[in-house]
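Let's take a friendly walk through this model together. Have the sequence and the 3D view open as you read.

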Amino acid sequence: MTYSAGYGDPESGAPATAWRDGWPVYDRSGTVCVIGAGPSGLTAMKNLKEQGFGVDCYERDTSVGGAWNWRHDRSPVYASTHLISSKPFSQFPDFPMPDSWPDYPKHTQVLEYLDHYADHFDLKPHIWFGTEVVKVEPAEGERWDVTTRSTGGYGGERIHRYAAVVIANGHNWSPKRPEYEGLEDFKGEVIHAAQFKDPAQLRNKKVLVVGAGNTGCDIAVEAAQQAARCWHSTRRGYWYTPKYTLGRPADQVNDLMLWLKLPLRARQFLAHRTLKSTVGDLTRFGLPQPDHKIYETHTIVNSQLVYYLGHGAIAPVPDVARFHRHSVELKGGEVIEPDLVVLATGYHPTFEFIDGNLLGVDAQGRPRLAMHAFPKRQPTLAVAGLLQPDSGLFPLVHWQMVAFARMLRVREASPAKAVAVQRKLEADLDRRWTTAKVKDSTRHWFEISHTTYLKAIQRLLDELSLEGAK
């Protein structure tokens, strides 16, 4: 089919007003493109709509929910997944979870919640389901050309021009797979945690779980109940916290200490004393001693791991040294013979549809963003939800997107103020939003304290006020 300027997109109705690489570009005028209909994408849409912007959202799957759609191929969620942040710190500020729900809702409840959120704020009519973003490229006037195509294999690619773009594709879908000597010759089964969906996958097998994050610990607990034997391999020592402390969800107790403005050292002292009296010294089970203080890495929230360690159902072992055809050699020389190896080794943040230079991506694949959200010299581009907080994520992304929507509105109403705010943001480009000395690793570089981050968002919103602006 041939196109001429002025020819309308048969689906969106937008006119073709330009060309790019021989393809028509359909102008969506002042509309904002949101990539992904998971929690971050949904709250981006909602807050952009409230500021009066038109919104087009592209979602590669067939329904809302993103990572919480556990049956979809990119979801890291498994059958037993629950929130590790309690309900008050997990819900959006303007859409509370039901009072009847438990402190830590199950993943099916979270998906239900997101679906109701999308209905309540009338977001679904703005979502193009079964459509993936292939490319995002700068266009004239600080706008963006977004190339999309159907995931169903029908139709060609389309290019639409948008006033701004929000990248909300999540950061827990591109598996990080370590390289081990001999792995390619190993005759046992090896999967990444992203492929783990149901405890039946572990049943009656000898299982080695590699990785001490929350996912690795959850899978080790599942293996303790289902597998013939479970080894749990960890590289370093971590702090393992129960889900309840002093009769309350642990994150609520931590938030109380922050509300009381206790300094970091005092909070670390109290946390260490509490863990000593509740969890105890886990080195007696064979776990490594942490080489850092609590809050300097992402704590592991799991009340069952210690239980199964104490009952001998989980055997802690060191890091993997190498694989052999029918066995795994551990650092220290021990050799074990697992049937199944589960690599709970995390995920890479991946933005395959945009030039990494636009996000300041470094050699390790980490984007360099102000407040982990706003790229340098790209005032109409934002990344939503690229945070690892000590609390729930949803409220933080909500306020991120409130700020971005207001930034876009201020650009129209007071360009000089918008430029000043952008420059101030970029001055804090390398700031870490926590007072703890967080480990420099691929897992912890975007670790934040939720109170520190929210205070920064509030200052940004104050600066974006249009009162007295010219």
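## Before we start

Helices here are DSSP runs of H or I with at least four residues, and they are numbered from the N terminus. Please keep in mind that this is a predicted model.

## An enclosed helix

A good place to begin is α5, which spans residues 250-259. Of its 10 residues, 8 are buried, so the rest of the structure largely encloses this helix. The buried ones are Ala250, Asp251, Gln252, Val253, Asn254, Asp255, Met257 and Leu258. Buried here means under 20% relative accessible area.

What lies over them? The cover on the buried residues of α5 includes the helices α2 (87-90), α6 (264-278) and α10 (450-463). Strands β15 (244-245) and β16 (248-249) are also among the elements that cover them. If you follow the chain just past α5, you will come to Lys261, which adopts a positive phi of about 60°.

## A five-stranded open sheet

Next, look for the open sheet of 5 strands, arranged in the order β1-β2-β8-β7-β6 with mixed pairing. Its edges are β1 (16-20) and β6 (131-139); each has a single partner strand, so one side of each lacks a neighbour in the sheet. On average, neighbouring strands of this sheet are turned by 30° against each other, direction ignored. As a reminder, strands of a sheet pair through backbone hydrogen bonds, either parallel or antiparallel.

At one edge, β1 runs antiparallel to β2 (residues 23-27), and 4 bridges join the two. Ala16 sits opposite Tyr26 of β2. These two strands make a hairpin with 2 residues between them, and Asp21 in the turn has a positive phi of about 55°. At the other edge, β6 pairs with β7 (residues 143-150) in the antiparallel sense, over 8 bridges. There, Glu137 has Asp145 in β7 as its bridge partner.

## Two helix pairs

How do α1 and α3 pack? Helix α1 (residues 39-50) packs against helix α3 (residues 107-120) at an angle of about 20°, with 11 Å between their axes. The two helices are therefore roughly parallel to each other, and their crossing is left-handed. On the α1 side, Pro39, Leu42, Thr43 and Lys46 meet Leu114, Tyr117 and Ala118 of α3. This contact of α1 with α3 comprises 5 nonpolar residues, 1 polar and 1 charged.

The second pair is α8 (residues 394-413) with α9 (residues 415-427), whose axes are 6 Å apart and meet at an angle of about 140°. That angle makes α8 oblique to α9. The contact brings together Met407, Val410, Arg411, Glu412 and Ala413 of α8 with Pro415, Lys417, Ala418, Gln422 and Leu425 of α9. Sorted by type, the residues of this contact are 6 nonpolar, 1 polar and 3 charged.

## A closer look at Ala44

Finally, return to helix α1 and find Ala44. Is Ala44 buried or exposed? Ala44 has a relative accessible area of 0%, so this residue counts as buried.

Which residues is Ala44 in contact with, leaving aside its neighbours within four places in sequence? They are Val34, Val166 and Met401. For a sense of distance, you can also locate Gly356: Ala44 and Gly356 are 312 residues apart in sequence, and their C-alpha atoms are 22 Å apart in space.

Technical notes:
Residues are numbered from 1 along each chain as its sequence is written. This is a predicted model: local features need pLDDT of at least 70, side-chain atom pairs count only at pLDDT 80 or more; totals for chains, interfaces and linings use all residues. Side-chain values use heavy atoms; hydrogens and water are left out. Buried means under 20% relative accessible area, exposed over 50%, partly exposed in between (1.4 Å probe, protein chains only). Contact means heavy atoms within 4.5 Å. Two strands pair if DSSP finds at least two bridges between them. Axes are lines fitted to C-alpha atoms, for helices over the stretch in contact, and angles run from 0 to 180 degrees between N-to-C directions. Angles under 35 degrees count as roughly parallel, over 145 as roughly antiparallel, 65 to 115 as roughly perpendicular and the rest as oblique. Ala, Val, Leu, Ile, Met, Phe, Trp, Tyr, Cys and Pro count as nonpolar, Asp, Glu, Lys and Arg as charged, and the others, Gly among them, as polar. A crossing is left-handed if the near helix is turned anticlockwise from the far one by less than a right angle, and right-handed if clockwise.
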